[in-house]
Amino acid sequence: DDGYRLWLKYEAVTNAPVKTEYLRYTTFIGRSDKGEITQSASRELQMGLKNLLGKTVQETSSSAGRSGGILFRIEPGAAAAQPAEGYQVQLSGGNIVIVSRSEQGILYGTFALLRHLQMQRPIKNLSIASTPKVRYRMLNHWDNPDGTIERGYAGASLWKWYELPERVDPRYEDYARANASLGINGTVLNNVNASARFMSQEYIEKVAAIANVLRKYGIKTYLSVYFAAPKTLGGLATSDPLDPQVRAWWKEKVAQIYKEIPDFGGFLVKANSEGEPGPQDYGRTHADGANMLAEAFKAYDGIVVWRAFVYKADPNADRFKAAYEEFVPLDGKFDPKVIVQVKNGPIDFQPREPFSPLFGNMPKTPLGIEFQITQEYLGFATHAVYEAPIFKECLDSDTYVNGEGSTVAKVVDGSLHCYTRTLMAGVANTGNSQNWTGHPLAQANWYAFGRLSWDHELSSEQILQEWVALTLTRSEKASGHIAALMLRSREIYVNYNTPLGLSRPWMGVHFAPEPWQNKGSRPDWTAIYYHRADSSGIGFDRTASGSNALAQYKPQVQQQWNNPDRTPLPYLLWFHHVRWDQKLSTGRSLWQELCTRFYTGADSVLWMQQQWDLAKTSLDPMVFTDVAERLKVQRREAIWWRDAWVLYLQSLARQPIPAGFEPPKRTLEEVKQSVHVYLIR
Ligand code: BDP
């Protein structure tokens, strides 16, 4: 198994009674509408049934009075209060009936049915009903026009710009199927560090060729835009958002796009962030910039997604506070077509972060959430880290903005502040590797993001169970081992990488440990800025005696984190500078606790390897070997991380490695040398 089919493998049903039941309900597909999305649904169903049951199922438009088939039924009036993309799959009149108000809902219902059949669940009492909790469910590709992917670890870009628009790689369709099967309905094709090239007629035509494929699966196409394009591409003297010529240029540009892509989704914008141009270059605000673009979309369905990932180069500032400081004053100033997209945490996709304090604090602005699926800070495509617990941890966090229960999920799904333009975005981990994601287990992260963007109430366990059954094995014993290792994988990674609330111990390529890194073009581009380790202790004081970033949260949240004796250990060093000899709730000193985490984290990778080996006989050999070898790399690198941290911190704390742990076999200088290798040209 080369992994290409992802979770849409449709492997033959071998259980005889199950197969008999399935055969009984699959004698035809009844579809009376002529839409291209239901056509995709029908095609998928035919392909799925062919593989599952070895049988060709015909489609018919006249199914009246027949039974034993699968019917698509679009009912425009049904449950009008529910989102049109919702669906019901149930038994009725001897048929399996998929009902929805929209074609898209039929497609999602079809995939739900196929999931059900792949898991070999009974048809008797079949009743699945689901509606999406979030309206815009998107992947963000950080793909560049030259085929590279920023922070991509699974090969080159899927989009072959030089071949388009004439040659349309068949893989685009498989990409669309995979996303639609999860409920994803939007995709931003290009990097937020955007090239103005995408606004040229030539590239719009290339984009349109991809959009034509995605559309058949209910997926809208979006583009990231380069804010200074009016100047660099359009030849104007300025890109000032209040300049009438600039406004006219964008209007014209949007009209030009809609001519080629009538259902174009909209723009994603990274502005005045990490050197990208933006409205502040002209003394204007983020709202001025976003609203100008929104105006250009006035006559269309499209939206403007404006990122809140900003942090100015201020040597005295706490980067944690930056997005809040810039965006909260703009609440209420954005055009209704604008969604502000906020990363889950205040810094930058760290293995563990507290939730961003923007959530809940901009009640008049729809806030979308941005997760990172690609493992930029999670060991690239070599470390196994199942991310659903990261996403869930943030979504389930309570902001307390409207009292208890005001979770981030309720901000994001619009229920807390009553907005309907709701969005969840994930930075894609796909590339042109045969198995799409590099690490076979990283497919689960794409899967989990998609499922959660549809329904954030699903649990990490439930999603994983599904994914394992669809993708790897249906053996209960093997699934148990795989689930155990994957569910613990994030915590294990945190333990050897950034335990107790540490963050950003990497510079350079975000791969190698460099907690000692103290030189950078700005202070917040060093590692020591984040951990603040010295001879007395370690951690970033964000209480009132420090940066007071905590004040950006509601009092109930502050209470959880403002007292070092009560702060839950996973968040301790996010908010406090703690003495090395401080006794923690575990009974160990901070130094001992850190060492314990680094060591047990690295040792737990051995345990992961054992779990994987125990599943061996139920796994495809190719997948087994691929993961087993990656786990070996992970094991070696986990020890590398442990040694780097322990030796570096020991040089400051001047304490012995606690009894029971074998001191590293190398010196700090030797570890530094091994890291250096990754940094030299
Ligand atoms: C950082 C990445 C950088 C992205 C940036 C962003 O290192 O490549 O451009 O986020 O989200 O984490 O804009």
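Angles under 35 degrees between helix axes count as roughly parallel, over 145 as roughly antiparallel, 65 to 115 as roughly perpendicular, and the rest as oblique. Keep that scale in mind while reading this predicted model.

Start with helix α13, residues 460-471, and its partner α14. Their axes come within 10 Å and cross at roughly 130°. That value falls outside the parallel, antiparallel and perpendicular ranges, so α13 and α14 are oblique to each other. The crossing is right-handed. On the α13 side, the contact uses S460, E461, L464, Q465, V468 and A469. They meet S479, I482, A483, M486 and L487 in α14. By class, this contact of α13 with α14 splits into seven nonpolar, three polar and one charged residues.

Helix α14, residues 476-497, also packs against α18, residues 590-614. Here the axes come within 9 Å and cross at roughly 160°. An angle over 145 degrees counts as roughly antiparallel. The pair α14 and α18 is therefore roughly antiparallel. This crossing is left-handed. From α14, the contact draws on H481, A484, L485, S489, I492, N495 and Y496. From α18 come R597, F598, T600, G601, A602, S604, V605, M608, Q611, W612 and L614. The class count for α14 with α18 is 10 nonpolar, seven polar and one charged residues.

Now place these helices in the chain. An unreviewed UniProt entry puts "domain: Glycosyl hydrolase family 67 C-terminal" at residues 437-661. This span is 53% helix and 2% strand. Its end C-alpha atoms lie 36 Å apart.

The same kind of record covers an earlier stretch. The unreviewed UniProt entry gives "domain: Glycosyl hydrolase family 67 catalytic" at residues 117-436. Residues 117-436 are 25% helix and 14% strand. The end C-alpha atoms of that span lie 24 Å apart.

Next, the ligand. Which residues are around it? They are E150, R151, V192, N193, K270, E274, F309, D348, F349 and E376. Charge is well represented in this shell: six residues are charged, three are nonpolar and one is polar.

One member of the shell, F349, deserves a second look at its backbone. F349 is not a glycine, yet its phi is positive, at about 55°. The residue sits in the loop between β12 (338-343) and β13 (367-372).

Another backbone feature involves a proline. L164 and P165 are joined by a cis peptide bond, with omega about 5°. P165 belongs to the loop between β7 (136-140) and α4 (171-182).

That loop leads to a further helix pair. Helix α4 packs with α5, residues 201-215, at an angle of about 45°. The two axes are 9 Å apart. An angle of about 45° is again in none of the named ranges, so α4 and α5 are oblique to each other. Their crossing is right-handed. In α4, the contact residues are Y172, E173 and A176. Their counterparts in α5 are I210, V213 and L214. Sorted by class, the contact of α4 with α5 holds five nonpolar residues, no polar ones and one charged residue.

Notes:
Residues are numbered from 1 along each chain as its sequence is written. This is a predicted model: local features need pLDDT of at least 70, side-chain atom pairs count only at pLDDT 80 or more; totals for chains, interfaces and linings use all residues. UniProt positions are given in the numbering used here, feature names are shortened, and annotations may be inferred rather than shown by experiment. Helices (H or I, at least four residues) and strands (E, at least two) are DSSP runs, numbered from the N terminus. Axes are lines fitted to C-alpha atoms, for helices over the stretch in contact, and angles run from 0 to 180 degrees between N-to-C directions. A crossing is left-handed if the near helix is turned anticlockwise from the far one by less than a right angle, and right-handed if clockwise. Two residues are in contact if their C-beta atoms, placed from the backbone, lie within 7 Å. Ala, Val, Leu, Ile, Met, Phe, Trp, Tyr, Cys and Pro count as nonpolar, Asp, Glu, Lys and Arg as charged, and the others, Gly among them, as polar. A residue is near a molecule or strand if its C-beta atom, placed from the backbone, lies within 6 Å of it.
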